[in-house]
Amino acid sequence: MYKLFQVIKTYGSKTVLSIDSLEIKHKGITAISGPNGSGKTTLLEILAGINTATSGTVLFNGQEIKHRQ
């Protein structure tokens, strides 16, 4: 299960993702939709650990996801 709290991603002065609270349950189906530039790919990259949030907390099964180097 993923839990996100106060997650913000910025590039320079542009905020590309802002999530107050989000929970994605295990073995569920979750759809992510929105227009170009709304942060869909950025969110998936943060969940995978490929990208890191500028601020906030991202948990997977209770453990914080750290950026992969």
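**Close-up views of a predicted model**

**View 1. Val58 and its neighbours.** Not counting residues up to four places away in sequence, Val58 touches Lys3, Leu4, Val7, Ile46, Leu47, Gln63, Glu64 and Ile65. Please keep in mind, here and in every view below, that the model is predicted. One of these contacts is also a partner across the sheet: Leu4 stands opposite Val58 in strand 3. On strand 2, Leu4 has Leu22 as its bridge partner.

**View 2. The sheet as a whole.** Here we step back to the open sheet, whose 4 strands run in the order 2-1-3-4 with antiparallel pairing. Which strands are the edge strands? They are strand 2 and strand 4 (63-64), each of which pairs on one side only. Helix 1, made of residues 40-48, packs on this sheet and touches strand 1, strand 2 and strand 3. The direction of helix 1 makes about 60° with that of strand 2.

**View 3. The hairpin of strands 1 and 2.** Residues 2-11 form strand 1 and residues 14-24 form strand 2, and the two pair in the antiparallel sense over 9 bridges. Between these strands lie 2 residues, giving a hairpin. If you like checking backbone torsions, look at Gly12 in the turn, where phi is positive at about 65°. Tyr11 of this pairing stands opposite Lys14 in strand 2.

**View 4. Strand 1 against strand 3.** Strand 3 covers residues 55-60 and pairs with strand 1 in the antiparallel sense, over 5 bridges. Phe5 stands opposite Thr57 in strand 3, and Leu4 likewise has Val58 opposite.

**View 5. An aromatic pair.** How many aromatic pairs does the structure hold? There is 1. The rings of Tyr2 and Phe60 have centres 4.8 Å apart and planes at 45°, so the pair counts as tilted. Because Tyr2 lies in strand 1 and Phe60 in strand 3, this pair ties together parts that are 58 residues apart in sequence. Are the two residues buried or exposed? Tyr2 is partly exposed, with a relative accessible area of 22%, and Phe60 is partly exposed too, with a value of 37%. For Tyr2, that class follows because 22% is not under the 20% cut-off for buried and not over the 50% cut-off for exposed.

**View 6. The hairpin of strands 3 and 4.** Strand 3 pairs with strand 4 in the antiparallel sense over 2 bridges. Leu59 has Glu64 in strand 4 as its bridge partner. These strands also form a hairpin with 2 residues between them, and Asn61 in the turn has a positive phi of about 50°.

**View 7. The largest nonpolar core.** This core has 11 residues in all: Leu4, Val7, Val16, Leu17, Ile19, Ile24, Leu43, Ile46, Leu47, Ala53 and Val58. Strand 1, strand 2 and helix 1 are the elements that give two or more residues to this core. Which element gives the most? Strand 2 does, with 4 residues. Val58, the residue that opened this set, belongs to this core, and among its contacts are the core members Leu4, Val7, Ile46 and Leu47.

How values were computed
Residues numbered from 1 in each chain as written. Predicted model: local features only at pLDDT ≥ 70, side-chain atom pairs only at ≥ 80, totals over all residues. Heavy atoms only, no water. Pairing = 2+ DSSP bridges. Phe/Tyr/Trp six-rings, centres within 6.5 Å; stacked < 30°, edge-to-face > 60°. Buried < 20%, exposed > 50% of the residue type's maximum accessible area, 1.4 Å probe, protein only. Contact = heavy atoms within 4.5 Å. Axes fitted to C-alpha atoms, helices over the stretch in contact; angles between N-to-C directions. Core = buried A, V, L, I, M, F, W, Y, C linked by side-chain atoms within 4.5 Å.
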